Amino acid sequence: MSIALAGVIGDPVSHSLSPFLHNAAFEHLGIAARYERWQTRSAELPARIDSLRAPHILGANVTLPHKITVVSLLDRLDPQAAQIGAVNTIVRLPDGRLEGTNTDAPATIATLREDAGFDPAGKRVVILGASGAARAAAFALIAAQVAALTIINRTLERAEELLADVLASSDDDPYLRALAPDDPDVPEAIRATDVIINATSVGWRADETPLPGHLIPATALVFDMVYRPTRLLREAAQAGAATLDGRGMLVRQAALSFERWTGAPAPLEVMFAAFDQARALAA
Ligand code: NAP
């Protein structure tokens, strides 16, 4: 009998630390399964998704750049993934159908709460970015009853589209606005916020920042989803702000995916330790 498999689908995936987390968890629980990197270009995505229907597949993670395009290739979405319009986890159901879910959303909230002691209820939030990770954060934060949400994105139309979707999903009446990075209202929006979340990919590859450091108020929490030290976090610390990197989010979204595939409680501490070890080796 073939070993059970899960993997991460993206382009590129060679840098992904996810195999370390999941394989440590499989080993810790004595589950006969392996997690692999599945490099997949856009043209190859339909065939890759179809391959997940095989009985030995547990499921997959989906990462950049496929989190939104994969939606139309799946058989069903759970309600949260349908609302967000982005999938980071695919679960192979017992009958071979593929369900999309989004564990970035709950991982965002859990990380703010558990790693920074930040309760989003009633708070003012700025999200930088409007793609898959930003969408997950925006819907999760609205569900957590933030008072105000500002989306700042290079492509303003995407930010406006995200806000329209968020508005349609919410029974509450939070203050919402979409801004381009060069909008004259940006400095005031940043100054008046409780948390700034970087959900752009800026800072991932190069020492660049999506936000001029001099705008960051000392009173804010700055959360960068990138799981390495970044220029944004460095400049936020220099401004006296509290900082949080993407470590907790990466491990928690992985743990939630693991639980969907195996039905077993994820060994969170084992996954954190595996992440720390892998990040130190990759540095
Ligand atoms: P994505 O689909 O590639 O979206 C990229 C976002 O960054 C878009 O909003 C894009 O704006 C913006 N952007 C890209 N280059 C830019 C530039 N030069 N200047 C200004 N804005 C730029 O990525 P994603 O999947 O949403 O992920 C976003 C980030 O979050 C990535 O760094 C990813 O690694 C991180 N992430 C971390 C976790 C975790 O567990 N820690 C989970 C999910 C994501 P446009 O709309 O204008 O293109």
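These exercises work through the ligand site and some backbone features of a predicted model.

**Exercise 1. Find which residues come nearest to the ligand, and which polar contacts the ligand makes with Ser131, Thr155 and Gly246.**

Solution.
- Step 1. Start with the shell. It holds 22 residues, and Ser131, Asn153, Thr155, Arg158 and Met225 come nearest.
- Step 2. Apply the cut-off for a polar contact: N or O atoms within 3.5 Å.
- Step 3. Take the side chains. An N or O atom of the Ser131 side chain is 2.5 Å from a ligand oxygen. For Thr155, a polar side-chain atom lies 2.5 Å from an oxygen atom of the ligand.
- Step 4. Take the backbone. At Gly246, a backbone N or O atom is 3.2 Å from a ligand nitrogen.
- Step 5. Check the cover. On its own the ligand has 930 Å² of accessible area, and the protein covers 79% of this.

**Exercise 2. Work out where the ligand sits and which parts of the chain supply its shell.**

Solution.
- Step 1. Identify the space. The ligand occupies the largest pocket.
- Step 2. Look at the helices. Helix 5 (132-143) and helix 9 (247-262) each give at least two shell residues. Helix 9 gives the most, with three residues.
- Step 3. Move up to domains. Domain 1 (4-102 + 250-282) and domain 2 (105-245) each contribute at least three residues to the shell.
- Step 4. Sort by residue type. Nine shell residues are nonpolar, nine are polar and four are charged.

**Exercise 3. Locate the cis peptide bonds before Pro12 and Pro65, and place each proline.**

Solution.
- Step 1. Recall the background. Most peptide bonds are trans.
- Step 2. Go to Asp11 and Pro12. The bond between them is cis, with omega near 10°. Pro12 lies in the loop between strand 1 (4-10) and helix 1 (18-29).
- Step 3. Go to Leu64 and Pro65. They too are joined by a cis peptide bond, with omega about 5°. Pro65 is in the loop between strand 3 (57-62) and strand 4 (76-77).

**Exercise 4. State whether the phi of Gln145 is positive or negative, and say where the residue lies.**

Solution.
- Step 1. Recall the rule. Most residues other than glycine have a negative phi.
- Step 2. Read the angle. Gln145 is not a glycine, yet its phi is positive, about 65°.
- Step 3. Place the residue. Gln145 is in the loop between helix 5 and strand 8 (148-152).

Terms used. Residues are numbered from 1 along each chain as its sequence is written. This is a predicted model: local features need pLDDT of at least 70, side-chain atom pairs count only at pLDDT 80 or more; totals for chains, interfaces and linings use all residues. Side-chain values use heavy atoms; hydrogens and water are left out. A residue is near a molecule or strand if one of its heavy atoms lies within 4 Å of it. A polar contact is a pair of N or O atoms within 3.5 Å; within protein, one must be able to donate a hydrogen and the other to accept it, and residues adjacent in sequence count only if both atoms are side-chain atoms. Accessible areas come from the Shrake-Rupley method with a 1.4 Å probe; for residues, only the protein chains shown count as cover. On a 1 Å grid over the protein atoms alone, a cavity is a set of points where a 1.4 Å probe fits but cannot get out, and a pocket is an open set with protein on both sides within 12 Å along at least five of seven lines; lining residues have an atom within 4 Å of a point. A molecule sits in a cavity or pocket if more than half of its atoms lie within 2 Å of its grid points. Helices (H or I, at least four residues) and strands (E, at least two) are DSSP runs, numbered from the N terminus. Ala, Val, Leu, Ile, Met, Phe, Trp, Tyr, Cys and Pro count as nonpolar, Asp, Glu, Lys and Arg as charged, and the others, Gly among them, as polar. Domain bounds come from an automatic or database domain assignment.
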